[in-house]
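Here is a friendly note to read alongside the model. Each numbered point takes up one part of the chain, so feel free to follow along in the viewer.

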Amino acid sequence: MKKTTLLTIALLLGATLLAAPRPDRTDKRKGGSIFEHALRTAGAALDEKKLDDAAALIQRAIERDPKSAEAWGLRARWAEAAGDRDELVFALHKQFGLRIAQGADRKERQALQTRLEELDPAAKELFRLRDGFVERLAGIADQYERERRPHSAIRVLRILLALDPENEPAQKAIERISETPDPSLAETAKPKDLLADVSVEWIREHDGKHREWKQASNVTRDNYVTKTNAGYEVMIRAAEAMEQINRFYRIFFRYGDGVNDNKSVPRITLHIFKNRDEYLELGIGPPVEWSGGHFTGSHVETYIGEGGFEECVTTLFHEAAHQFVSLATTAVGWLNEGLASFFEGTRILANGTVVFNEPANHRLFPLVQRLEKGWMKDHADGLDPSNASATPETAPTFQIILENRYQWGPPWYAPTWGVVFFLYNYQDPADGRFIYRDAFHEFVNASGGRMGEGAVENFEKVVLAQPSRPTKGLPRTESLKLPRKCDELNEVWKEWLIELAAEQSGRREVERPYLDWARYAIKRKEFDVATEHFEKGYVKTPLDVELLMEFAEHLADREKNTDRATKLALTALQILESEKRPDERRIREVESSLSKWDPKRSSMDKIQGELVEKSEAIVQRYLDE
């Protein structure tokens with residue numbers, strides 16, 4: 001939408017536009033909340049004709065709850081007593097819009113509308129304009145949604161809400177569409193209220209009945225049965241999180257994702273105990289003493305500890321990954337744990353979308369501390385045979401990890417995470433290609449079971465001897481280190497992780513040419529990698545017109561996603577139009593792309609043009625009065 005359109009609508013609908021979010025109104029003082037106290041005393045001040053006192057109290061109430069129709073009704077009373085007709089009309093419009101949204105009956109709505117039309121000669125025309133355009137916009141949004149164009153549907157619904165901010169169906173439609181498991185829709189998503197259907201009292205009664213493990217409650221979903229005595233909220237939140245991460249497991253391991261294959265993945269059970277003692281005593285096996293969770297083949301078990309729910313879910317993400325490691329790979333020992341630890345760098349957005357491949361800082365920082373102190377001499381250096389949880393001060397070399405010559409325990413999780421994260425993400429800074437990612441996939445799938453003698457030689461052959469090739473036409477990056485021997489890789493790995501830790505802690509800032517990297521990936525026909533670079537570039541520089549348009553063209557041409565391409569191009573168009581000296585040629589190019597990607601663009605342009613024309617007339621009428 002062009003700037004003039006937004007400005008006109010904002011001027012026109014100042015009385016009903018863009019209601020602020022509801023702040024906290026639960027502050028308590030003697031006699032009720034601050035909000036309730038302000039309403040009572042404001043009403044009393046109006047009765048006593050103390051207009052200045054009433055104005056201050058009404059303003060306090062509105063600041064506490066800008067969606068209170070009662071507070072706006074008091075403001076209308078004050079304006080009428082003060083003889084301020086303009087303020088009276090403004091307050092009545094606010095009250096009218098809020099009462100419609102709050103479900104006022106027909107008699108109340110009619111009374112409020114009649115009073116407004118008596119005081120505001122433009123009200124009838126304003127209501128007709130709003131209702132007419134809201135209906136037309138709702139129809140277009142519905143068509144977009146049926147055509148599976150979620151970004152376009154949300155865009156139209158937001159324009160509709162600018163006209164009618166209390167329109168509950170439009171608000172709910174945005175929330176529903178935004179729940180689609182797509183990271184690009186997360187910005188308009190509201191966190192799911194997983195407890196919306198139960199009361200606090202119901203939860204209290206439920207938890208009282210299921211405190212002991214024998215009476216633990218459970219919920220069954222598509223991929224997991226979640227059983228716990230740690231409370232209803234823990235059970236429901238964990239069940240939801242695990243269903244979301246399951247989708248990512250299938251994609252990452254290329255197993256049961258419906259694209260690479262249609263293999264079935266058996267449903268397994270999650271046991272979440274209410275404390276560590278129960279986990280160690282009642283867990284299957286039982287669990288080893290130093291563990292925070294484990295995978296048994298049919299169950300994942302953990303507990304709610306001092307780290308609370310977030311730590312519990314991180315453990316679940318790790319342990320449940322072992323199911324897919326066992327199904328999709330031959331990985332054992334260090335690689336099994338390294339792959340599982342990789343998923344600890346996963347988080348879930350508001351709409352349930354999984355964002356993965358992020359540094360697991362709770363693994364990264366302790367590992368870097370050990371790397372900075374040096375290397376272990378052998379697999380037993382620094383270990384205490386009497387304490388399985390003892391962590392050596394120095395770090396294991398690649399050879400020690402690859403040969404798997406140690407008993408598993410906490411000291412080894414951070415190094416194995418570090419190996420997997422490095423091999424997946426080590427890049428050439430010139431063209432952004434991932435040096436070992438493809439070779440690492442081959443290593444995991446074809447030879448993940450190698451350990452002991454021959455493990456190092458196998459790794460050198462499968463991974464180090466097969467780095468990805470530079471983009472055609474680019475010279476080899478001189479600073480890029482491509483060791484062919486495992487011993488030579490140790491220092492490269494160490495330096496890379498130390499730099500990553502400095503970046504994660506904020507001590508180092510790294511500028512990455514994501515747009516250039518995406519271009520090179522396209523040249524190499526690595527389209528998934530191009531999308532990865534575009535996404536990161538979009539997060540870093542969301543107002544870069546060149547990146548927006550090239551990303552949009554990539555989405556439209558290669559991924560056939562013209563819907564999101566339209567969203568990105570509209571952002572680029574708004575940026576171009578807002579410049580002091582707009583580039584008309586570039587604007588025409590973007591508009592041409594939009595006409596190609598958005599089949600309803602002409603209809604939307606027509607509606608917005610009519611809205612501008614009619615709203616400007618009403619705005620001028622208000623200004624003239």
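1. Strand 6 (residues 293-295) and strand 7 run antiparallel and are joined by three bridges. Within this pairing, Phe295 stands opposite Val300 of strand 7. The hairpin that the two strands form has three residues between them, and Gly297 takes a positive phi near 110° there. Please keep in mind from here on that this is a predicted model.

2. Strand 7 has another partner to look at. Strand 5 (residues 268-273) pairs with strand 7 in the parallel sense, over five bridges. If you would like a residue pair to find on screen, Ile272 has Thr302 of strand 7 as its bridge partner.

3. How many of the five residues of strand 7 are buried? Five of the five, counting residues 299-303, so strand 7 is largely enclosed by the rest of the structure. In a regular strand the side chains alternate between the two faces of the sheet. Here both faces are covered: His299, Glu301 and Tyr303 are buried on one side, and Val300 and Thr302 are buried on the other.

4. Next, the nonpolar cores. In soluble globular proteins, nonpolar side chains tend to be buried together. The largest nonpolar core in this model has 78 residues, and Tyr249, Trp334, Leu339, Phe422 and Leu497 are those with the most contacts inside it. Another core lies apart from it and has 29 residues, including Leu548, Phe551, Leu576 and Leu594.

5. Trp334 deserves its own look. Leaving aside neighbours within four places in sequence, Trp334 is in contact with Ile401, Leu402, Asn404, Tyr406, Trp408, Thr416, Val419, Val420 and Phe443.

6. Which side chain of opposite charge is nearest to Asp120? That is Arg85, 5.6 Å away, and Asp120 is buried yet has no salt bridge. A salt bridge is counted here when the charged nitrogen and oxygen lie within 4 Å. Asp120 does have a polar contact of 3.0 Å with the side chain of His93. You will find Asp120 in the loop between helix 6 (106-119) and helix 7 (123-146). Not counting residues up to four places away in sequence, Asp120 touches Arg85, Val89, His93 and Tyr622.

7. Now to charged pairs that do meet. Side chains of opposite charge can pair when their charged atoms come close. The count for this model comes to 40 salt bridges. One of them joins the side chains of Asp142 and Arg146 at 3.0 Å, N to O. Both residues lie in helix 7, four residues apart, which is about one turn of the helix. Asp142 is partly exposed, with a relative accessible area of 38%, and Arg146 is exposed, at 58%.

8. A salt bridge of 2.6 Å, N to O, joins the side chains of Lys600 and Glu147. This pair links distant parts of the chain, 453 residues apart: Lys600 is in the loop between helix 25 (584-597) and helix 26, while Glu147 is in the loop between helix 7 and helix 8 (150-163). Lys600 is buried, with a relative accessible area of 10%, whereas Glu147 counts as partly exposed at 40%.

9. Arg524 and Glu526 also meet through their side chains in a salt bridge, at 3.0 Å, N to O. Salt bridges that share partners join these two with Asp428, Asp431 and Arg433 into one network. At 16% relative accessibility, Arg524 counts as buried, and Glu526 is partly exposed with a relative accessible area of 24%.

10. Is Thr566 of helix 24 buried or exposed? Thr566 is buried, because its relative accessible area is 1%, and buried means under 20%. Helix 24 covers residues 562-578. Leaving aside neighbours within four places in sequence, Thr566 is in contact with Arg149, Arg155, Leu594, Trp597 and Asp598.

11. A last stop is Glu616, which has its place in helix 26 (residues 601-624). Glu616 is partly exposed, with a relative accessible area of 42%. The C-alpha atoms of Glu616 and Tyr436 are separated by 60 Å, and these two residues are 180 residues apart along the chain.

Methods: Residues numbered from 1 in each chain as written. Predicted model: local features only at pLDDT ≥ 70, side-chain atom pairs only at ≥ 80, totals over all residues. Heavy atoms only, no water. Core = buried A, V, L, I, M, F, W, Y, C linked by side-chain atoms within 4.5 Å. Buried < 20%, exposed > 50% of the residue type's maximum accessible area, 1.4 Å probe, protein only. Contact = heavy atoms within 4.5 Å. Lys, Arg positive; Asp, Glu negative; His and termini not counted. Polar contact = N/O pair within 3.5 Å; in protein donor to acceptor, adjacent residues only side chain to side chain. Pairing = 2+ DSSP bridges.
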